[in-house]
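Me: I would like to learn how to read burial, disulfides and salt bridges from a set of coordinates. Could you take me through them one at a time, with the general idea ahead of the case?

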Amino acid sequence: MSQPSVFLVMVSGQIDSGFFPEFNDLYVKYTFTHGPDWVITSGLEDGISQVARKSVDDRGLFVWNFPIEVTFKTTNPHGWPQIVVSCYGTDVFGNEIVRGYGACHVPITAGRHSRKLPMFVPESSSSLQKFIGWLFGRRPEFIDPKVVAQAEGREVTRVRSQGYAAVSFNVVTRDMKKLGYDTIPSEVSTPSAVTAAAMAQIQEVGKDAHINPIESLGPISRPP
């Protein structure tokens with residue numbers, strides 16, 4: 001069998017909820033951004049959710065439970081995918097206003113993961129521009145939301161923190177280890193010194209007694 005030249009990263013999950021105490025009737029958009037060597041083989045690169053109202057309990061959450069599902073293939077991990085989440089609502093004049101941007105990397109290890117994305121919005125450079133933007137419904141926002149996942153130019157952008165969004169990921173990888181990439185945490189892949197010493201001692205007991213080390217532990221009592 002030939003050696004694989006690419007590996008796959010399969011991502012599913014959902015945008016669970018959001019917390020924006022000052023607003024109501026919000027929806028979210030998401031998009032994935034990645035390096036030039038990554039290709040989407042199936043699924044959706046972006047999407048838009050339904051409008052959700054704030055819950056009436058003490059939590060005050062916006063529950064979207066909006067599904068995400070996409071599969072990537074690549075030859076190297078450079079440019080690992082990121083998800084960019086944008087939240088939108090309307091002001092008192094009915095204008096569509098951005099309520100928050102957030103981004104995070106897709107988890108690199110297989111399994112189920114939960115992430116809380118701090119959200120932020122761009123700020124006007126002066127109080128006058130802020131008032132004009134409020135009057136005409138033209139608040140500061142990014143032309144391309146993917147700029148949130150990039151470092152270039154971020155140091156000169158004024159932003160303000162505003163709420164958070166909760167995202168769940170289910171990640172499955174394929175052929176990464178065959179290409180030399182091991183993403184299993186060291187504490188999982190390598191047994192601890194205490195565990196290794198205990199296993200070695202059990203094996204030595206079994207060798208000395210010429211019996212199965214598990215059987216040397218004696219019969220297992222079962223409740224009547």
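Reply: Let us begin with burial, where a residue is called buried when its relative accessible area is under 20%, exposed when it is over 50%, and partly exposed in between. Please keep in mind throughout that this is a predicted model.

Me: With that cut-off in hand, is C87 buried or exposed?

Reply: C87 has a relative accessibility of 1%, and therefore it counts as buried. C104, at a relative accessible area of 14%, is buried as well.

Me: How many disulfides does the structure hold?

Reply: In general, a disulfide is a covalent bond between the sulfur atoms of two cysteines. In this predicted model there are zero disulfides, where the test applied is a pair of cysteine sulfur atoms within 2.5 Å.

Me: And how many salt bridges does the structure hold?

Reply: The idea here is a side-chain nitrogen of Lys or Arg lying within 4 Å of a carboxyl oxygen of Asp or Glu. By that criterion the structure holds six salt bridges, one of which pairs R53 with D25, the closest N and O atoms being 2.8 Å apart.

Me: Which parts of the chain does the pair of R53 and D25 tie together?

Reply: R53 belongs to the loop between β4 (46-48) and β5 (62-74), while D25 belongs to the loop between β1 (7-19) and β2 (27-33), so the salt bridge ties together parts that are 28 residues apart in sequence. As for accessibility, R53 is exposed at 56%, whereas D25 is partly exposed at 30%.

Me: What is the separation in sequence for the pair of K146 and E45?

Reply: K146 forms a salt bridge with E45, and their closest N and O atoms are 3.5 Å apart. Because K146 sits in the loop between α1 (127-136) and β9 (159-174) and E45 in the loop between β3 (39-43) and β4, this pair ties together parts that are 101 residues apart in sequence. K146 is partly exposed, with a relative accessible area of 24%, and E45 is likewise partly exposed, at 31%.

Me: Which residue forms a salt bridge with D57?

Reply: The partner of D57 is R59, with the closest N and O atoms 3.0 Å apart. D57 is partly exposed at a relative accessible area of 35%, and R59 is partly exposed at 49%.

Me: Which residues are joined into one network by salt bridges that share partners?

Reply: That network is made up of R174, D175 and K178, joined through salt bridges with shared partners.

Key: Residues are numbered from 1 along each chain as its sequence is written. This is a predicted model: local features need pLDDT of at least 70, side-chain atom pairs count only at pLDDT 80 or more; totals for chains, interfaces and linings use all residues. Side-chain values use heavy atoms; hydrogens and water are left out. Buried means under 20% relative accessible area, exposed over 50%, partly exposed in between (1.4 Å probe, protein chains only). Helices (H or I, at least four residues) and strands (E, at least two) are DSSP runs, numbered from the N terminus.
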